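Reader: Got a minute to go through this one with me? I'd like to start with the fold and then look at pockets.
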Amino acid sequence: LPAYTPLAPIPVNLAGRTAIVTGATSGIGFETARGLGALGADVVMVGRTHAKAASARHALIREGVPAERLTTAEADLCRPQQVAALGRELADRYPRIDVLVNNAAIYPAERVITPEGFEECWATNVLAYEILTTVLQDPLRAAGGRLVNVSSRAPMAGGLDTQDLFYERRRWSGVAAYKQSKQAIRMLSWAWDRRLSPDGVTVNVAHPDGTSTNIAGRQRGLWGVLIRSIFRTQRSPAEGADTSIWLAASPAMDGRTAGFYVDRGELDCEYRDDIEGGEHLWKYVQEQIDPWVR
Ligand SMILES: NC(=O)c1ccc[n+]([C@@H]2O[C@H](COP(=O)([O-])OP(=O)(O)OC[C@H]3O[C@@H](n4cnc5c(N)ncnc54)[C@H](OP(=O)(O)O)[C@@H]3O)[C@@H](O)[C@H]2O)c1
């Protein structure tokens, strides 16, 4: 791959292609929607509520993305039933989906158990990705599409314990829950690659690197003030989104799959070779989401 030039233009016209972006109302997801829309794609901006998604859509229109390229959809992504309903609605609307960017995630401030019994960070950062991928796999196959999952590299990934996913035995912390979810997403991405790439769907993982977004917005007290001020010194959301956009759009990524990328360049993934662990996790997570996707 050529040396990375931040935000270098991507030589492609995505007219007629459909791209779904979760977490499109803020930060990296908002910029990913802008980037894909600017390249000509029809972008579905997924937000927590209709009001949030519509307001983000209007913000992009005001900034020059043609209105007809942007539509919205909504779901509270920590609620599996809403995620599955969103997936079915999208599958009905789009028999072919060229790009799915699973981007939305949280860095939580407290251990919340959802009404379904999942720890909120696991539900949002892992199960929502899995439900959407599961429900949208046929439209992705029909298009020979691209799945882009947003994760993190160490030190913000690791510590997965499938015996204690919801921190009943371990001490919960927001960082620990976040790191566990980001390790899981990488392992699940390689498991999905084994299932989707034989049918022409590529699966790649983006690491945005430290980016000035709202990700630390839930943190409280002095820690909150400190961590938000650190995030404010990080790269811009447009720079953070660049790798996601490039993975979703670049002709250089045609046919390239199972890669972990930052700044358009490949990183090692320490979990890639753990096929047994990845398969175990994939099956376990499929059991968790089964009531909503079957
Ligand atoms: N920022 C970084 O330094 C960094 C580094 C590595 C990886 N990442 C990853 O980059 C991705 C984007 O994060 P960001 O930094 O752009 O953070 P952000 O500004 O907080 O954006 C997160 C997006 O996800 C949405 N979201 C979260 N929970 C949701 C829910 N239950 N239902 C619907 N939408 C929900 C948020 O909507 P609401 O505003 O409604 O909550 C928001 O649009 C994440 O996967 C994150 O882990 C970020």
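Author: Here is a short walk through the sheet, the helices on it and the largest pocket. Note that this is a predicted model.

Reader: What is the strand order in the open sheet?
Author: Eight strands, ordered β3-β2-β1-β4-β5-β6-β7-β8. The pairing is mixed.

Reader: Which are the edge strands?
Author: β3 (70–74) and β8 (265–267). Each of them pairs on one side only.

Reader: And what does the twist average?
Author: 25° from one strand to the next.

Reader: How do β4 and β5 run, parallel or antiparallel?
Author: Parallel. Four bridges join β4 (residues 99–102) to β5 (residues 146–150). In one of them, Val-99 has Arg-146 in β5 as its bridge partner.

Reader: Helices next. Where does α4 pack?
Author: On the sheet. Helix α4 (residues 120–143) touches β1 (18–22), β4 and β5, and makes about 175° with the direction of β4.

Reader: What about α2, which strands does it lie across?
Author: Helix α2 (residues 50–62) lies across β2 (42–47) and β3. Its angle to β3 is about 160°.

Reader: OK, pockets. What volume does the largest one have?
Author: About 1100 Å³. It is lined by 46 residues.

Reader: Which of those are closest to the centre?
Author: Ala-105, Ile-106, Thr-213, Asn-214 and Ile-215.

Reader: Which element gives the largest share of the lining?
Author: α6, with four residues. The elements giving two or more are α1 (27–38), β2, α4, α5 (174–196) and α6 (221–231).

Reader: How do the lining residues divide by character?
Author: 21 nonpolar, 17 polar and eight charged.

Terms used:
Residues are numbered from 1 along each chain as its sequence is written. This is a predicted model: local features need pLDDT of at least 70, side-chain atom pairs count only at pLDDT 80 or more; totals for chains, interfaces and linings use all residues. Side-chain values use heavy atoms; hydrogens and water are left out. Two strands pair if DSSP finds at least two bridges between them. Axes are lines fitted to C-alpha atoms, for helices over the stretch in contact, and angles run from 0 to 180 degrees between N-to-C directions. Contact means heavy atoms within 4.5 Å. On a 1 Å grid over the protein atoms alone, a cavity is a set of points where a 1.4 Å probe fits but cannot get out, and a pocket is an open set with protein on both sides within 12 Å along at least five of seven lines; lining residues have an atom within 4 Å of a point. Grid points are joined across faces, edges and corners, and a volume is the space filled by probe spheres set on the points. Ala, Val, Leu, Ile, Met, Phe, Trp, Tyr, Cys and Pro count as nonpolar, Asp, Glu, Lys and Arg as charged, and the others, Gly among them, as polar.
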